[in-house]
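Please look over the sequence and the structure shown here before reading on. The report begins with a single side chain and then turns to the chain as a whole.

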Amino acid sequence: MKAVQVKAFGGPEVLTVVDLPAPRPAAGQVLIETEAAGVGGVDTLLRSGALADFGYEPGRVLGNEVAGVVSAVGDGVDASWVGRRVWAFTGMDGGYAEQVVASAETLVPLPAGVSAVDAVTLGTSGTVAHFALRHVHFARGERVLVRGAAGGIGVLTVQLAARGGAAAVAVTTSSAERGERLRELGATHVLDRAGGGAADAPASYDVIVDIVAGADLPSFFARLAPKGRMVVVGAMGGWPPADFGKEMIASFQKSMTFATFSADTVSAPDQRAALADLFAAADRGEVKAVVHEVLPLAQAAEAHQKMEAGEVFGRIALTHD
Ligand SMILES: NC(=O)c1ccc[n+]([C@@H]2O[C@H](COP(=O)([O-])OP(=O)(O)OC[C@H]3O[C@@H](n4cnc5c(N)ncnc54)[C@H](OP(=O)(O)O)[C@@H]3O)[C@@H](O)[C@H]2O)c1
């Protein structure tokens, strides 16, 4: 079966299509004939070697989420999964392949109206968006700001906040055209990356979901209203300044919360339940999978180039020729 391997750390060109033996499901796992694989920002970091310190080595197959049909089960897994259309999380790697094994614990059945491409566009990103908002106790009537809203996680955070009854959903993005597309998803105010460009935007926010971090993080933290909560889920803009901690402590009179969030800290049953709800909402047309482009598996390098050039609005999915 065909798969895309990271031959060595480097640019998108190191992604190589190889023929590998079909994987076999171990106890607790299923084998999936994939129809689509998601392409996430973390894949580009794994490919470049930026996460080598976390034990990631070249020679592995990229991709952490797939959708397809279960074709076999390992010991201890209910055989009725065979033949079902599912979304699955494959862990750090394995997804850019015609066949993958995944833990049966991660499987979420797909409603008839949710395609495999939609599923890998909604899956990991939607899980992060949903639980990040919960992590900071987002409630109806609150003012929300989403930083880095045009990416995979952002487009879903905007939709979930709007659907959850936010009083305002402000977004940061790099172009007016992206801003218009974000308004179609529920954004009410469009800011530039530095947080300017919208005179009528709220002066402060109850909740900030931040996918960017970086040098501007303190200036956004300062926009929290009293009792406001900021959650950082990504660092597309790099690390904050070293003295950020001082600014946080100095603003203690506003009783603000600074949080980080990783989907790794959510239990498998909770993730499955949230994703099943999200797929059902997509099936009813209440949430939109924002698919930037669908490319064949063999063009995974092109997908990475586009991601790194900042061209992607929403997510790219890989399918088979
Ligand atoms: N917490 C978790 O459980 C979890 C799970 C998966 C991934 N992640 C993390 O989430 C991040 C990827 O999120 P994603 O898939 O949504 O990313 P993405 O699709 O690449 O989008 C991020 C958006 O941020 C904006 N951006 C990029 N660089 C920026 C910069 N230097 N300054 C300001 N804005 C910038 C871009 O929009 P504009 O050009 O429109 O500004 C881009 O569309 C990674 O850091 C990854 O490690 C976290």
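Does Phe-221 count as buried or exposed? In this predicted model, Phe-221 has a relative accessibility of 4%, and because buried means under 20% relative accessible area, Phe-221 counts as buried.

Phe-221 does not stand alone, since Phe-221, Phe-244 and Phe-258 form one aromatic cluster. In the whole model the count comes to three aromatic pairs, and two of them are set out in this table.

| Pair | Distance between ring centres | Angle between planes | Arrangement |
|---|---|---|---|
| Phe-221 and Phe-258 | 6.1 Å | 75° | edge-to-face |
| Phe-244 and Phe-258 | 5.3 Å | 80° | edge-to-face |

The pair of Phe-221 and Phe-258 links distant parts of the chain, with Phe-221 in helix α5 (residues 217-221) and Phe-258 in strand β13 (residues 257-260), 37 residues apart. Phe-244, in helix α6 (residues 244-250), lies 14 residues from Phe-258 in the sequence. Phe-244 is buried at 5% relative accessibility, whereas Phe-258 is partly exposed, with a relative accessible area of 29%.

Turning to the whole chain, the secondary structure consists of eight helices and 15 strands. The radius of gyration is 20 Å, which agrees with the value near 20 Å that a compact globule of 321 residues would have, and the C-alpha trace spans about 60 × 40 × 35 Å along its principal axes. Buried residues make up 51% of the 321 residues. Among contacts between residues at least 6 apart in sequence, 70% join residues at least 24 apart.

Conventions. Residues numbered from 1 in each chain as written. Heavy atoms only, no water. Helix = DSSP H or I, 4+ residues; strand = E, 2+ residues; numbered from the N terminus. Rg over C-alpha atoms; globule rule 2.2 N^0.38 Å. Buried < 20%, exposed > 50% of the residue type's maximum accessible area, 1.4 Å probe, protein only. Contact = heavy atoms within 4.5 Å. Phe/Tyr/Trp six-rings, centres within 6.5 Å; stacked < 30°, edge-to-face > 60°.
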